[in-house]
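Work through the following exercises with the sequence and the model at hand. Each task is followed by a solution in steps.

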Amino acid sequence: MKTMTHLLASAALVGATAAHATDLEVTHWWTSGGEAAAVAEFAKAFDATGNTWVDGAIAGSGGTARPIIISRILGGDPMGATQLNHGRQAEELIKAGLMTDLTELAEAQGWKDIVNPPSLLDACTLDGRVYCVPVNIHSGQWIWLSHGAFEKVGLDVPADWNEFVAAAPKLEEAGITPLAMGQQGWQQNLAFGTITIAIAGIDAWREVSVERNADTAAGPAYKAVFEAVANARELARNSNVQDWNLATNLVITDQAAGQIMGDWAQGEFQVAGEVAGVDYTCLPGLGVNEVLDTGGDAFYFPVIDDEATKKAQMELASTLISPEVQVAFNLKKGSLPVRGDIDMSSANDCMQKGLSILADGNILPSGDMNLTADTQTQIEDLMAEFWTSDMSAGDAQARYVDIIASAE
Amino acid sequence: MSSSSKSRKPSGLFRNMSAKIASVPMVLTALVVFVGGTAWTVLYSFTSSKLLPKLNFVGLDQYERLWSTRRWIISIENLAVYGFFSMIFTLVIGFTLAAMLDRKIRGESIFRTIFLYPFALSFVVTGLAWQWILNPDLGIQNVVRQMGWESFTFNPLNDPDIVIYGILIAGLWQGTGLIMVIMLAGLRGIDEDIWKAARVDGIGTVKTYIRVIIPMMRPVFVTALVLIASGIIKIYDLVVAQTNGGPGIASEVPAKYVINYMFRAQNLAQGFAASTMMLLSVVIILIPWAYLEFGGKKRG
């Protein structure tokens, strides 16, 4: 009898909570140690609103998770919310009416005024309507330098890319790989993009990547870029690791002197107990052109025909962008917050560099926002081939021009 | 009633009625899913569909782009190399192992199990295992160097020129067991009297195999050939697990191109064009041959 009452009571309890709280499945691909800790901040904050965050982590990179997410939405089995990189990836899903319109919430909370840089919100906006919540800013234009490696050969830590290249012969003599590079297309492509901004400058980059001007891509500025990349390829000859974090580990253990990688590499240095400015140095824009792109992650909310779910989606959207959650999440993630009006004084040396660049407005729209996934895949394939073969800089440039000329 | 049905010969359409009704679901599946799906894919390969299929035709643009893409050309070359060697070595090794087992050796079932075991593993497991075995710091190269041969170098997976052979080794290791078993079954089907007759005539063992036994096993070879060929065309997971197309794009294969362009590059039509080319190659090679083999004259 007693157990019966217990059962009834718990059943009533379950019924009662079900009436108020809604389970919302959230898919994302943040599965590494630091990333999971950051996501837990979101979950904690969302659970505090009385709803339940059902974690739908998909192991693997965005390239693995994105097709799964998209096919679930297309196949009529949408999740409550999902991470995607904002930009053009979700454009067609929005056009097909599969994503929830967040414009009302965005206007009520004045996202236009708080999201900095505004380009983040623009990337979430299609035809004047807002469809996603930006949650962080990641930038790819960094080189991470090992102090230990340069001490070993008795050189100062370089202040920019040119000094780094000049130091390379001495490093090689000492058996240190100058540049660590994971042998994967996206990493090689990221290095290419970063070198482009450093060597060709922002104007040339903008003409090619945003306006898709094939003439500039064929011009002298980009010729210098491809020669610099060909040179970087030689510096990375002895690096035969695959994953980015293994390449970062070469820098942490002083086996390699530097790595061109996005600011997510910082998490690895932190986990290894290294201190920015003491054990490693980061140079945004390779120390030449101090600009960052403003890629990052955003959450989209697929259309689900259920009032309670809709309400929970809106609550999640406003939770994600609230000041406390932004601070807690981004400190764990090592990324920059999407709002400029919050206190990030607890961030480390490298994050502060990023924040001040952001405050000065030295920002570029990220590749995801300019070129379609199709064009990016083509460039990535080209870079994957270029870095692992002996293709000449001229050939690579010619093929790059073809891709840009046919880009939509 | 019974007399009338007996007098008129029932038309072929209604003979074995229950069997025909029973096969209707499968016929429908074949028509709608296989034929229908194929036709749909081919149709949309002439459009400019990106993430979602749309019917805006662009003629042969996707195919022109496909054949001017370096990655696709490399994929086709890799498939050709892999296919050629895989076909030859699987047949030769499979038959040799089967012939050896057929010599009434001791412990046959143990060897049979050992040779067949790799086939029980998925391509993903095979790929990962061979990724480690071929890893210069952990695998074969390291073992040989520790045995004293310091200059020994065997690092196929990091060399763009020979990486496809590294994949071939793994593919052979996984696939020959099955072919061996099929060959063994064929050998067991050969009448003992044939051997006796050959012995009486004083024909050597090897010569008997080549001149007498193999021609008699023609149907078994056809089965093996079809199995190997279909395995070659659809190779995907082995490459993904072992090298993921690397280094660079040196070990890409057509199926991987299709998947990547359909989903990662969000360019459906390009992926469809590539898969149509794959289908076309199968059709061109297999259909005339299958027609000669199975159609035409009926064997009694």
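## Exercise 1: a five-stranded sheet

Thr27(A) has Thr82(A) of S3(A) standing opposite it. The model is predicted: local features need pLDDT of at least 70, side-chain atom pairs count only at pLDDT 80 or more, and totals for chains, interfaces and linings use all residues. Residues are numbered from 1 along each chain as its sequence is written, while chains are lettered from A and ligands numbered from 1 in the order in which they are written.

Task. Describe the pairing of S1(A) with S3(A), then give the strand order of the sheet and the helix that packs on the sheet.

Solution.
- Step 1. Strand S1 (residues 23–28) and strand S3 (residues 81–85) of chain A run parallel and are joined by two bridges. Helices (H or I, at least four residues) and strands (E, at least two) are DSSP runs, numbered from the N terminus. Two strands pair if DSSP finds at least two bridges between them.
- Step 2. The order in this open sheet of five strands is S2-S1-S3-S12-S6 (chain A), with mixed pairing.
- Step 3. The edges are taken by strand S2 (52–57) and strand S6 (132–134) of chain A; each has a single partner strand, so one side of each lacks a neighbour in the sheet.
- Step 4. On average, neighbouring strands of this sheet are turned by 30° against each other, direction ignored.
- Step 5. Helix H16 (residues 307–321) of chain A packs on the sheet and touches S1, S3, S6 and strand S12 (297–300) of chain A. The direction of H16(A) makes about 50° with that of S1(A). Axes are lines fitted to C-alpha atoms, for helices over the stretch in contact, and angles run from 0 to 180 degrees between N-to-C directions. Contact between two residues requires C-beta atoms, placed from the backbone, within 7 Å.

## Exercise 2: the strand S9(A)

Task. Why is S9(A) largely enclosed by the rest of the structure, and with which strands does S9(A) pair?

Solution.
- Step 1. In strand S9 (residues 256–260) of chain A, five of the five residues are buried, so the strand is largely enclosed by the rest of the structure. A residue is buried if 20 or more other C-beta atoms lie within 10 Å of its own, exposed if 12 or fewer, and partly exposed in between, with C-beta atoms placed from the backbone.
- Step 2. S9(A) pairs with strand S7 (residues 142–146) of chain A in the antiparallel sense, over three bridges. Here Leu145(A) has Gly258(A) as its bridge partner.
- Step 3. Strand S8 (residues 177–180) of chain A runs parallel to S9(A), and three bridges join the two. Ala180(A) is bridged to Gln259(A) in S9(A).
- Step 4. These strands belong to an open sheet of four strands with the order S8-S9-S7-S10 (chain A) and mixed pairing. S8 and strand S10 (280–284) of chain A are the edge strands, each pairing on one side only.
- Step 5. From one strand to the next, the twist averages 20°.

## Exercise 3: two helices

Task. What is the angle between H10(A) and H11(A), and which residues make the contact?

Solution.
- Step 1. Helix H10 (residues 185–200) and helix H11 (residues 202–209) of chain A pack at about 130°, and their axes are 7 Å apart.
- Step 2. H10(A) and H11(A) are therefore oblique to each other. Angles under 35 degrees count as roughly parallel, over 145 as roughly antiparallel, 65 to 115 as roughly perpendicular and the rest as oblique.
- Step 3. H10(A) contributes Thr196(A), Ile197(A) and Ala200(A), and H11(A) contributes Ile202(A), Ala204(A) and Trp205(A).

## Exercise 4: chain B and Leu116(B)

Task. How many helices and strands are in chain B, and is Leu116(B) exposed, partly exposed or buried?

Solution.
- Step 1. Chain B has 14 helices and zero strands.
- Step 2. Of the 300 residues in chain B, 31% are buried.
- Step 3. Leu116(B) lies in helix H5 (residues 108–116) of chain B. With 15 other C-beta atoms within 10 Å, Leu116(B) is partly exposed.
- Step 4. Not counting residues up to four places away in sequence, Leu116(B) touches Gly177(B), Leu178(B) and Val181(B).
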